[in-house]
Amino acid sequence: MKFAGTDLGDYGMTVTLKGGDAGAPPLINPIDNVIDNGITYTSRLETRVISMSAVVSAASKALLATALDNIKLLLNPQLGEKALYLDFPPSYDRFYTAKLESLPQYLIQGTVAMTDLSFVCADPLAYYKSETTVNKDLNALGSDPYDWNQTPGGSAINRKAEFVITSPAVGTVILQNITTGDTLTMTSDGSNITVDCDTFSCSGATAFSGHWPRLLPGEANNIKITGAGTGAGTELDLTYRDCYL
């Protein structure tokens, strides 16, 4: 187990999942509901709770006390949500955004301490350890509109993609995922535009409306951009992480 970049094994801790596989979140309905005001998405994915049994061992009581202090500092819920990696399959290749929910008092026997850990994930999805970035040089392509197919991995709809349009033409710029039917229409003054589908923000555009594009996992998403222009330096960058149920 790794949390906030630290392997808990460094403190002599080993953990075992309780209550089933963390890779199977509770689902009421796996389909996202899009509220038709162009801004807000809701999801019927429930908050995930990951519970584990933990054992900490050390060479002496003094070292055990130090290890427990370090663990409590690292897991301090007041520090907010951090990346939680679990080393059972798949091994350290995806993480949850988690916050410690509870840490009961340790049961200490000699130089061994035992307890239970409970993490809460407001976002129940897991995310791949590294990002995917795709660059499209609209100036070199010299075509408007321009579209291509992008196939993310994972098993969950990705709603956290970021699209950056560099040096767009002045006027109306339209970003679409034809596959999902999402269309975002923006008014450009020539400044760089950043479309952040996680925060539903569109910086650099003087006005915008529509739906923030989502990416479907395991299939070709037809991404289309219209009105970006073909001037020098006009580019589109798409960045996302594969996500998993």
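Which residue in S21 stands opposite Glu-162? Select Glu-162 in this predicted model and look across to strand S21, where Thr-239 is the residue that stands opposite.

**The open sheet**

Now widen the selection to residues 162–166, which make up strand S14, and to residues 235–240, which make up strand S21; the two run antiparallel and are joined by five bridges. They belong to an open sheet of five strands, paired in antiparallel fashion and ordered S12-S21-S14-S17-S18. At the edges of this sheet you will find strand S12 (132–137) and strand S18 (201–203), each of which has a single partner strand, so one side of each is left without a neighbour in the sheet. If you compare the directions of neighbouring strands here, they are turned against each other by 10° on average, direction ignored.

**Aromatic pairs**

Colour the aromatic side chains next, among which six aromatic pairs are counted. One of them joins Phe-95 and Tyr-127, a tilted pair with 6.2 Å from centre to centre and 35° between the planes. Because Phe-95 lies in strand S8 (residues 94–102) and Tyr-127 in strand S11 (residues 126–128), this pair ties together parts that are 32 residues apart in sequence. Both Phe-95 and Tyr-127 are buried, and if you add Tyr-85 to the selection, you have the three members of one aromatic cluster.

Move on to Phe-208 and Trp-212, whose ring centres are 5.7 Å apart and whose planes stand at 90°, so this pair is edge-to-face. Turning on the surface helps to tell the two partners apart: Phe-208, at 37% relative accessibility, counts as partly exposed, whereas Trp-212, at 1% relative accessibility, counts as buried.

**Charges over rings**

Select Lys-2 together with Tyr-92, and you will see the charged end of Lys-2 over the tyrosine ring, 4.3 Å from its centre. A further example is Arg-94, whose charged end sits over the ring of Tyr-244 at 3.5 Å from the ring centre.

**The nonpolar cores**

Finish with the interior, beginning with Met-1, Met-13, Val-56, Leu-117 and Phe-119, which have the most contacts inside the largest nonpolar core, a set of 27 residues. Strand S3 (13–18), strand S6 (48–57), helix H1 (61–75), S8 and strand S10 (112–121) are the elements that give two or more residues to this core, and H1 gives the most, with six residues. A second, separate core has 24 residues, including Val-173, Met-186, Ile-193 and Trp-212; the last of these is the buried partner in the edge-to-face pair visited above.

Note on methods: Residues are numbered from 1 along each chain as its sequence is written. This is a predicted model: local features need pLDDT of at least 70, side-chain atom pairs count only at pLDDT 80 or more; totals for chains, interfaces and linings use all residues. Side-chain values use heavy atoms; hydrogens and water are left out. Two strands pair if DSSP finds at least two bridges between them. Helices (H or I, at least four residues) and strands (E, at least two) are DSSP runs, numbered from the N terminus. Axes are lines fitted to C-alpha atoms, for helices over the stretch in contact, and angles run from 0 to 180 degrees between N-to-C directions. Rings of Phe, Tyr and Trp (its six-membered ring) pair if their centres lie within 6.5 Å; planes under 30 degrees apart count as stacked, over 60 as edge-to-face and the rest as tilted. Buried means under 20% relative accessible area, exposed over 50%, partly exposed in between (1.4 Å probe, protein chains only). A charge sits over a ring if NZ of Lys or CZ of Arg is within 6 Å of the ring centre and within 35 degrees of the ring normal. A nonpolar core is a set of buried Ala, Val, Leu, Ile, Met, Phe, Trp, Tyr and Cys residues joined through side-chain atoms within 4.5 Å.
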